[in-house]
2 protein chains.
Amino acid sequence: MKALLLVAHGSRKESSNQEVAQLSSQMQRLVNEKFDFVKHGFLELAEPSIPDAIDNCCQQGATHITVVPYFLSAGRHVTEDIPEEVEIGQKNNPNVEITVSSYLGAQDEIAALLVEAAVYAQGGR
Amino acid sequence: MKALLLVAHGSRKESSNQEVAQLSSQMQRLVNEKFDFVKHGFLELAEPSIPDAIDNCCQQGATHITVVPYFLSAGRHVTEDIPEEVEIGQKNNPNVEITVSSYLGAQDEIAALLVEAAVYAQGGR
C-alpha cells in the first residue's frame, strides 16, 4: 500500500496549517491509483510531526511512503532537517520503504505558474 | 511598458537567493509579449529590497508593474509586509501602476505539481 506524505514547515498561524491540510485533500483527489492515500505532516510548530505522520501512514497499512517537501528552496530544512526527521520515522518503522521526492521549488513548472498568476492579475491582458 | 516583479522572502544563504534569480530568468523566457521584462526583489535578508526593485523597474521604463509573491501561504508576509513595501515603492514612483497578484501557494495547479514530484520519485510507477 502506497502513501504520499506532504511535509510542510508548520506555522503558529492555524489558518496556514489548515491550508496544508486542504492541499493534501486536493492531492488525495488527484493521486488516482498512483497512491492509496495522502497524509500531511509538519517539520515544526504544528502537529503531526514527520515521525508521527510516518507512524500514522504505517498504521493505515502503508508499505511505501513517498515524502514530498512543500518548500520553495533547498535550504537547511530540505537538505538536513527533513531527512533527519524521516530517519527517525524509518527507525520506528523499519519495514516501510520511504522515499523523499524533490521539493516543490525544484519543479520546472513553477516559473510558468508564477507567470500565469501575473497574467491573471492584470486581467489576462 | 510592463514589468513582472517576482518577490521572494530572501535568505542568509546566498544559493537560495540565486535560485530566485534563476527562476526570474526562467520566467523571462516565458512571458512572451505579456510582459516586457522580469525582475526580482526580496522582502528581507537580501538585495534588492522591494522598493529598490520597483525603482529599478521604473528606471527601465515600466509604466505597469505586476508583483508576484513567491510564497506558499497567506501569512503575515503576504497579507501585510509585501503590501507595505509595495506602498513605499508606489509613493516613490507615483506615476507607475502597481498590481499585486495572488501568491504562488494559492495556485490550483500546486496540488498536481506535488503529486507529479511524488510519482517521479517512485520512478513513475
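**Figure 1. Chain A from end to end.** Following chain A of this predicted model from its N terminus, you meet its elements in the order β-α-β-α-β-α-β-α. That adds up to four helices and four strands. The C-alpha trace of the chain spans about 55 × 30 × 25 Å along its principal axes. Chain A has 125 residues, and 50% of them count as buried. If you take the contacts in chain A between residues at least 6 apart in sequence, 72% of them join residues at least 24 apart.

**Figure 2. The nonpolar core and its two tyrosines.** The largest nonpolar core holds 46 residues, and A:Y70 and B:Y70 are the ones with the most contacts inside it. Both chains feed into this core: chain A gives two or more residues from each of β1 (2–8), α1 (14–28), β2 (37–42) and α4 (110–121), and chain B does so from β1 (2–8), α1 (14–28), β2 (37–42) and α4 (110–121). Zoom in on B:Y70 and, leaving out residues up to four places away in sequence, you'll find it touching A:L72, A:G105, A:I110 and A:L114 of chain A. On the chain B side, B:Y70 touches B:L6, B:V7, B:A8, B:V20, B:L23 and B:L104.

**Figure 3. Helices α2 and α3 of chain A.** Here α2 (residues 50–59) and α3 (residues 76–92) of chain A cross at roughly 40°, and their axes come within 8 Å. Roughly parallel would need an angle under 35 degrees and roughly perpendicular one of 65 to 115, so α2(A) and α3(A) end up oblique to each other. The crossing of α2(A) past α3(A) is right-handed. From α2(A) come A:I50, A:P51, A:I54 and A:D55, which meet A:I82, A:E85, A:V86, A:I88, A:G89 and A:N92 of α3(A). Sort the residues of this contact between α2(A) and α3(A) by type and you get six nonpolar, two polar and two charged.

**Figure 4. Helices α2 and α3 of chain B.** In chain B, α2 (residues 50–59) packs on α3 (residues 76–92) at an angle of about 40°, and the axes sit 8 Å apart. That angle is why α2(B) is called oblique to α3(B). The handedness of the α2(B) and α3(B) crossing is right-handed. On the α2(B) side, B:I50, B:P51, B:I54 and B:D55 meet B:I82, B:E85, B:V86, B:I88, B:G89 and B:N92 from α3(B). The contact of α2(B) with α3(B) is made of six nonpolar, two polar and two charged residues.

**Figure 5. Around α3 and β4 of chain B.** Pick out B:D81 in helix α3 of chain B. B:D81 is buried, at 15% relative accessible area. Setting aside neighbours within four places in sequence, B:D81 is in contact with B:L43 and B:R76. Now move to B:V100, which belongs to strand β4 (residues 97–100) of chain B. With a relative accessible area of 40%, B:V100 is partly exposed. Its contacts, again without neighbours within four places in sequence, are B:V67, B:P69 and B:V86. B:V100 and B:I82 are 18 residues apart along the chain, and 9.0 Å separates their C-alpha atoms.

**Figure 6. A buried asparagine in chain A and a lysine in chain B.** A:N17 is part of helix α1 of chain A. Its relative accessibility is 6%, under the 20% limit, so A:N17 counts as buried. Beyond its neighbours within four places in sequence, A:N17 is in contact with A:G10, A:S11, A:F42 and A:A46. Over in chain B, strand β1 includes B:K2. B:K2 is partly exposed, at 21% relative accessible area. Its C-alpha lies 8.9 Å from that of B:V38, a residue 36 places away in sequence.

**Figure 7. Backbone details worth a look.** The peptide bond from A:E47 to A:P48 is cis, with omega near 0°, and A:P48 sits in the loop between β2 and α2 of chain A. In chain B, a cis peptide bond with omega about 0° joins B:E47 and B:P48, and B:P48 is in the loop between β2 and α2 of chain B. Two non-glycine residues of chain A with positive phi round off this view: A:N32, near 50°, and A:L45, near 70°. A:N32 is in the loop between α1 and β2 of chain A and is exposed, at 60% relative accessible area. A:L45 is in the loop between β2 and α2 of chain A and is partly exposed, at 43%.

Note on methods. Residues are numbered from 1 along each chain as its sequence is written. Chains are lettered from A and ligands numbered from 1 in the order in which they are written. This is a predicted model: local features need pLDDT of at least 70, side-chain atom pairs count only at pLDDT 80 or more; totals for chains, interfaces and linings use all residues. Side-chain values use heavy atoms; hydrogens and water are left out. A nonpolar core is a set of buried Ala, Val, Leu, Ile, Met, Phe, Trp, Tyr and Cys residues joined through side-chain atoms within 4.5 Å. Buried means under 20% relative accessible area, exposed over 50%, partly exposed in between (1.4 Å probe, protein chains only). Contact means heavy atoms within 4.5 Å. Axes are lines fitted to C-alpha atoms, for helices over the stretch in contact, and angles run from 0 to 180 degrees between N-to-C directions. Angles under 35 degrees count as roughly parallel, over 145 as roughly antiparallel, 65 to 115 as roughly perpendicular and the rest as oblique. A crossing is left-handed if the near helix is turned anticlockwise from the far one by less than a right angle, and right-handed if clockwise. Ala, Val, Leu, Ile, Met, Phe, Trp, Tyr, Cys and Pro count as nonpolar, Asp, Glu, Lys and Arg as charged, and the others, Gly among them, as polar.
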